Structures are given as C-alpha cells and as structure tokens.
Amino acid sequence: MFISFIRLKWPVIFAVIVLASCSKTDHTNTLFKLLPESSTNIDFNNKITESDSLNILNHPYLYNGAGVGIGDFNHDGLPDVYFGGNMVSNKLYLNKGNLKFQDVTDVAGVDGQKRWCTGISVVDINADGWPDIYVCASFDKDPTKRKNMLYINQKLNKDGVPTFKESAKSYGLDDDGYSTQAIFFDYNMDGLLDVYVLTNVLDKGTPVAYRPKLAHGEAINNDRLYQNNGNNTFTNVTKEAGILMEGFGNSVAVTDINADGWPDIYVGNDFISNDLLYINNKNGTFTNRAAEYFKHTGWSVMGADMVDINNDGLQDLVSLEMLPEENLRKKTMLMGDNYITYINNKKYNYEPQYIRNVLQLNQGKAPGSNPQFSDIAYLAGVYQTDWSWTPLVADFDNDGYRDMMITNGYPRDVTDLDHALYSNSQGRTAKENTSLASADSFPVVKTVSYAFKNAGGYTFKNQSADWGITKPAFSTGGIYADLDNDGDLDLVINNIDEAAFIYENTLNNQKKSVKNHHYLSVALEGTAKNTAGIGATIRIYYQGKQQFYEQQPCRGYLSTDDAKAHFGLGTAATIDSLRIRWADGKTQLLTNIKADQTLKIAYKNSIGSISPGISSKENPVFQSVAKQLGISYKPEEKDAIDYNIQPTLPHKLSQFGPSIAVGDIDNNGFDDFYIGGAAGNKGTFFMQDKSGKFHLDTKRILHEFKEEEDMGALLFDANGDGFLDLYVASGSYEFEKNHTSAQDRLYINNKKGQFERDFAAIPIEYDNGSCVKAADFDGDGDLDLFVGGRSVSGAYPTSPNSHLLRNDGGKFTDVTQQLCADLQHPGMV
C-alpha cells in the first residue's frame, strides 16, 4: 500500500509544485469562457448510476454518452438547446437571450420516455417551418424501450412554449434496432428528406476477432435507410438501396464526396468493422467504395465530420480515435501490434486501420477518377487526443480558417493493461469478475478536451489553455452555435457525471477584435419540402480566397449543430461574391456583401442551374500509359515475417524491392528496363522496340539459378566494350547474417543483349545491400561504384557495411578503407 501511495502521490505533488512555480501564463482573458450553471440555468447532467449488473465490465457501451441538438424551436431568433440523456431525462432549454436559458422539458413533452437516448437530430421533417426532434434510443434489451422517438413540433402554447407530439410510430420511424444516430438527407433527389439510421450493437462474438464480413444485410448491426413517402410516412428500403455492410456504427456524415450532385454516406465504425463509404449510384442504390477512396482509416472511430479544412473547396474527413498524447498512457493503454493483423486483413478483406485520429485531406480527382485522400493527421498535429468523441470543426476565432475542438474522456480507464492484467486479474481467472467493485477498481482519469487553432489550412496549433479549455471532464456529444447572436460560435458540451459545459465565445466581447475578425452568417430558406435547404452548398470569394460550406447540421458525434452557415472572414469587411447551389442544382449569385451580418437566402429567388463541385484539371501532369505500351507486371514475393526474428522492429525490412534499372540493353537505340526479382524469383526485362512498345523477357540472363533478393540495380558499361552490363545489389533481412544470398552480382552483356554472371569481377561480401550508384571517382575514365548497405539481419538498427568499389579494367576492388573509412558504416543507406 505504501509503495502504491508513493507511486501515485509523488508525481502529483511534484507536478503541482512545478506548475505553481513555473507557470506564469495568464489564461484569464481566453477565447472561451466556461459559464456556471447558476448563470445559464442549464443544469443538465448525464449521470450514470452503476451497479453489479450494470457497469462498464458487463456493458461496454455504458460510457458512450449522448448528444446535443440545436434549433430555434419557438421561432424567436435564438438557438435553443436539447440534451440527450442515458439514464436521466432528456432536457429542452429555451434561449431567453444573454446566454440565459429556461428548462421547458415537461411542458414541451420531450423527456425521452425514460429510454437510453443517444443521438439527437433536429430537422423539420413535416416541412411546416418548425424544427422537430428525432431521438435515437439504444442499450436496453427490451425492444419496446429502445424504440426511436420523433417529436413533432406543435408550435407554441398560450405561454409561448413549443410543445411536441411523439409520432415515430405513425411516421414509420419507431426503429428499435439499437440506434446510435440518424441523419436526414435526400438520397434519391425527389425533394424529400429521407433518413439513414446508424446502428451499433454487440453480438455474441467478440467485436475484435477476424471473421468473414457480413455483407448481405443479414447482420444485427446493419444500418438502415428509410425513404420519405411524401405523406409523413417512411418506408424501410435498406436492402433495396444496397445498405448491406455490417458495422458497429458510432458516427455518420453525409456529403457529396465525389461532386456528382448526389449525396454520399460516410460511416465511422467501432472495433474491427471497417468504416464505410456508400457512394450514391444515382438510381436509388449505394455501393461501399471506402477502399477506393481511403488508403486507411481509424480502428475504433468515434466521431467524424466531412468539412473543408484548408479552403480549397473540397470536403475533407476528420475521424476520431483514442490514441493518448502522453507516452505513459500510450504504453499502458495500447497492446503491441501484431503481424497477424496484416495477414488477417488480407485473408478476410479488411482495409488497414490504425489506433489514432485520421485527417483525410481531399486531393481532388483527375478526369474519370475518384477523389483521392491523404491522411495528414500527423502533419497537422491532431492525431493523438486520447479517448475522443466529437470533432467540432468551425472557425472559432473568425480568422478565415476552420479550427477544431475535440471532446474526450472516459470515466473508467478500462484500457489500462497494467491494471487489467495485474491488479484487477481480468482475463486471468476462470470466470471474469464483472462486479461493481471490480469496475470501480479501474483508474479514473479525467482528461481535458482539445482546442486546435487552424494555422493556415494544413497544420493545427494546440490552443486549449490559451482558449480556456482547461477543465477535465468526461465529455461526449457537443455542438457549436452562436447562442447570443454576436457573430462568434459558442460551445455546448454534454458530459457524463457532470453538468453540461456552456462555453461563451468572447471574441466579439473584446475591443478592436471586429476589425480583424469579421464574419458572415447565412440562414437558408429552402424548398417547401426541405425547408432548411439540406444538401445546398455555399462558396464565398473574397481577397483572392475562397471558403466552402455544405448544409448538413447533423455532424460530429450524436449531435446536430446550428443550421446556419458560419464563415470567419478575418480582415475582410466585404465579400466579393457568394454562390449558392441548392440540392437540385438551382443557383443564386450574390455580390458585394457586407460582413458582420446574418444573410438570408431563399430558394424561391434562385435563377438557373449550375453543375456541382469545382472544375478539375483537364490534363493531369502524369497519366498512366502502361497498358498502351504493353507493360503489365506484378511482383511476386514470399511473405517473410521479419518480426519473428526481431519482435521490436518498427517495420519490415525484407520488402524494399523491387529495384528498377533503365538502359538500352540491346543497342537498338531505345531504352529498356530491368525489374529486380524477390528471393527465389528471377528478374524481368522489358525490351522496347522502335514503335515504343515493350515486351516482357525473363530469359536475358543465361544459366541463372537465383536465390538472392534483388535490391539496388544498375545498368552501366563495366568493361568498356560499349554494351551495358548489369550490377545487382543483393540482400534481405529474411536471411541470416552473412548468408551467401547477400552476395552482389555482376552480369556481363555478351553484346547480344544477353547476360552471364562474372563471379570473379567483384569482391565477396555478404552484406544486405540497398542501392548501387556509378561515378568515376578516381578519374581514370571508367565507372566506379558505391554500394549502399541497408540492414544487418537480426541486429536492427546496427549500421551495415557499405562499399566503394574501384573499377580496374572491368574487375572491381573494395577501396572503402583507403579512400573513405567513414563510408564503411555510414548508417542504413
């Protein structure tokens, strides 16, 4: 006990002393100000009450939290706030102005009916101009207690309070399938808002074990799509629409990702299930094409959003995971990676997934291709934010770039492997202990949410402390909205076991700030059937810059943001032009717009139509011509598991090939090329004819028996006869140190474009090479060589040998020691 006390207490005491003595930064004048509940009158607390039968050890989704919804429910021009509760009643607070709110839940009739509520969607589903609320329910084993609810706004009572009628059953939306979140959009372009219902339920098997994917709509955790019939009813069209892939759904985003004018669906999935990207086929069906768009995704994705972070007019993807920032927490929370994961990915056709946040930058598309995405989360500095939930991506300081607020926290540190294995005995007893006492024994680690300032489009700076985000909590769902209509975005955060956070944005309270932090807010008046204009896109142009916004208020995690578009403008007091494209293609162009106002744009004033997206480059710099030239090649290589040799390797060392060497082998005036072969596989020549076409030839090297792995390759004239010879640097980590397969090879051209190996021309050395380069370093008129070494088998990261080889009339001598001894061990070349 004493040792445990020392381990726990002394670091804390030391930290307090250091902070007290060294930290002199003044954080009183911060961008955000956390308002006390005594000021706002918002006292909502998503309190979780645990027991032996209900705790995190027997209910893994206990702490997934609930969302927040924003809407002007009473039409007074101020955004009101609706909270989802798990074990507590939902709450509706009317905005009374000056950041004061009134709890009207009981009068409004929107308490959630004692269900375990998760996602909150605010939408005018009956198109009467008054926002309604769709609430997802989950968790309970009794299906009657997890039916989703649809609160239809009945407008104001005599006291000016909006009242609601629960109507999910009559609309056909009383889904009881463990719903996480619902998002409304017009998937079939008939002008009516349909709804995608995200699902997350754990079946009897473990959610992290590899198995064949369930891809035909048979899974219990298959999401659902409901089509709007136009008469206040919906029809389940899940299977007909091709929504067939299973998934442990935590978040969903809708955007026209390929700019074809039709909305697509991104789904962020928990555990082993891959994220999904349903591309709209424009015929009422979707196809999952995530693997074609993304090179990898997060492993257990929580919240996600599709939003333009670098102002290039293209939607990027933010998805959150749970990688800690602190090294100690990394080591205690993460299990070592296992190569079997990669084998199973291939075996069961899973796309690569990693335990960290992902920021997928949209690189645009060439004609006839899909948009391509590159993960820049490391570069951007947002890849590690602990157990994260909601990405709130908006321009909080009105400088013209969207910033990022990330909520995080988890009441019990169940991923603490040290505790689970050695203190709590989880997994080491015949019967797992899932009592409340056992659950309570896990560490409680409250974390601070993150606030990142966008530093120009591609990198973010952690401004949490400077912006006033300093209070640790278990924060899950959250939204941004201009609660006081002063031109900057405030924050509302739903917390577990603590009162909700209301952060006032003080930007426009500060003197002189307006000069450098202008803004424009845009309120849309859509069609008669889609009153909020969901699916519309807005592009603004000013000072040689642009910004892009797509109307979809349901974002992030379990929540719905304010339906008004918000643009920070920095120093721009006027916008040159604004172009809106409504979901059906109709458009309006507005010019010379003054900043610092809420601009209302109505669909009825649209004129003409425009195509979606922005023009792509007509002629890419490079285009593939391999097929036209007759080049078709796929290397074959045995899967050597380097980690069986050294388990702590950061990456494989046995798959650095194949090498390529270019030169006119047969002296016909046209360049040919050689592609090296893996261990046990011959290299391949592609010979070019006078028409510019290539043909494959594997018989150019005579009398060859090959076990070596080709690394570096070079075509050069070794013996001065005017014909190109071939030097191949050998070596692979898969072979033991000093194995004969690491011996380099020199093949001499027989003046007919064929090669025979000259065993005596080069020194004997058994180092794992990587490259070979030629230069006349002794000035005698022939080409000498540098051969770089890459690895030492079984001894990473020991520096291997590299070699300087002097050409003596076609015979090569190792002169490294005489000419440059430092090059004998220059590192891993």
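Contact here means heavy atoms within 4.5 Å of each other. Keep that in mind for the core. One caution before we start: this is a predicted model.

Let's take the layout. The domain assignment gives three pieces of chain: domain 1 covers 32-54 + 65-409 + 446-505, domain 2 covers 518-609, and domain 3 covers 644-824. Domain 1 and domain 3 have their C-alpha centres 54 Å apart.

Now the core. The largest nonpolar core holds 21 residues. Which residues have the most contacts inside it? They are Val522, Ile538, Leu569 and Leu578. Five strands each supply at least two residues of this core: S31 (518-525), S32 (537-542), S36 (565-570), S37 (574-581) and S39 (597-602).

Look at Val522 on your screen. Leave out residues up to four places away in sequence, and Val522 touches Ile538, Lys564, Ala565, Phe567, Leu578, Leu599 and Ile601. Two of those, Ile538 and Leu578, we just met among the core residues with the most contacts.

Next, domain 1 and its sheets. One open sheet has 4 strands, in the order S1-S30-S29-S28, with antiparallel pairing. Its edges are S1 (32-35) and S28 (475-481), each pairing on one side only. Neighbouring strands here are turned by 25 degrees against each other on average, ignoring direction. Zoom in on one pair. S28 and S29 (residues 490-495) run antiparallel over 5 bridges. Ile479 has Val492 in S29 as its bridge partner.

Two loop residues deserve a stop. Asp386 sits in the loop between helix H8 (377-380) and strand S24 (388-394). Its phi is near 65 degrees, a positive value in a residue other than glycine. Is Asp386 buried or exposed? The cut-off for buried is under 20% relative accessible area. Asp386 has 5%, so Asp386 is buried.

Asn398 comes after S24, in the loop between S24 and strand S25 (403-408). Phi of Asn398 is near 55 degrees, again positive and again not a glycine. Asn398 is at 0% relative accessibility, so Asn398 counts as buried too.

On to domain 3. Another open sheet of 4 strands follows the order S44-S45-S46-S47, and the pairing is antiparallel. S44 (710-716) and S47 (755-757) are the edge strands, each with pairing on one side only. The twist from one strand to the next averages 25 degrees. Inside the sheet, S45 (residues 725-730) and S46 (residues 745-749) pair antiparallel over 3 bridges. Find Tyr727: its bridge partner in S46 is Leu746.

Last stop, strand S49. S49 spans residues 784-791, and 7 of its 8 residues are buried. What does S49 pair with? S48 (residues 768-775) is one partner, antiparallel over 7 bridges. Here Cys771 stands opposite Gly788 in S49. S50 (residues 803-808) is another partner, antiparallel over 3 bridges. In that pairing, Leu785 has Leu805 in S50 as its bridge partner.

Between S49 and S50 there is a loop, and Pro797 is found in it. Where is the cis peptide bond? It joins Tyr796 and Pro797, with omega about 5 degrees.

To recap three places to click on. Val522, for its contacts with residues such as Phe567 and Ile601. Asp386, for a positive phi. And Pro797, for the cis bond to Tyr796.

Methods
Residues numbered from 1 in each chain as written. Predicted model: local features only at pLDDT ≥ 70, side-chain atom pairs only at ≥ 80, totals over all residues. Heavy atoms only, no water. Buried < 20%, exposed > 50% of the residue type's maximum accessible area, 1.4 Å probe, protein only. Pairing = 2+ DSSP bridges. Domains from an automatic or database assignment. Axes fitted to C-alpha atoms, helices over the stretch in contact; angles between N-to-C directions. Core = buried A, V, L, I, M, F, W, Y, C linked by side-chain atoms within 4.5 Å.
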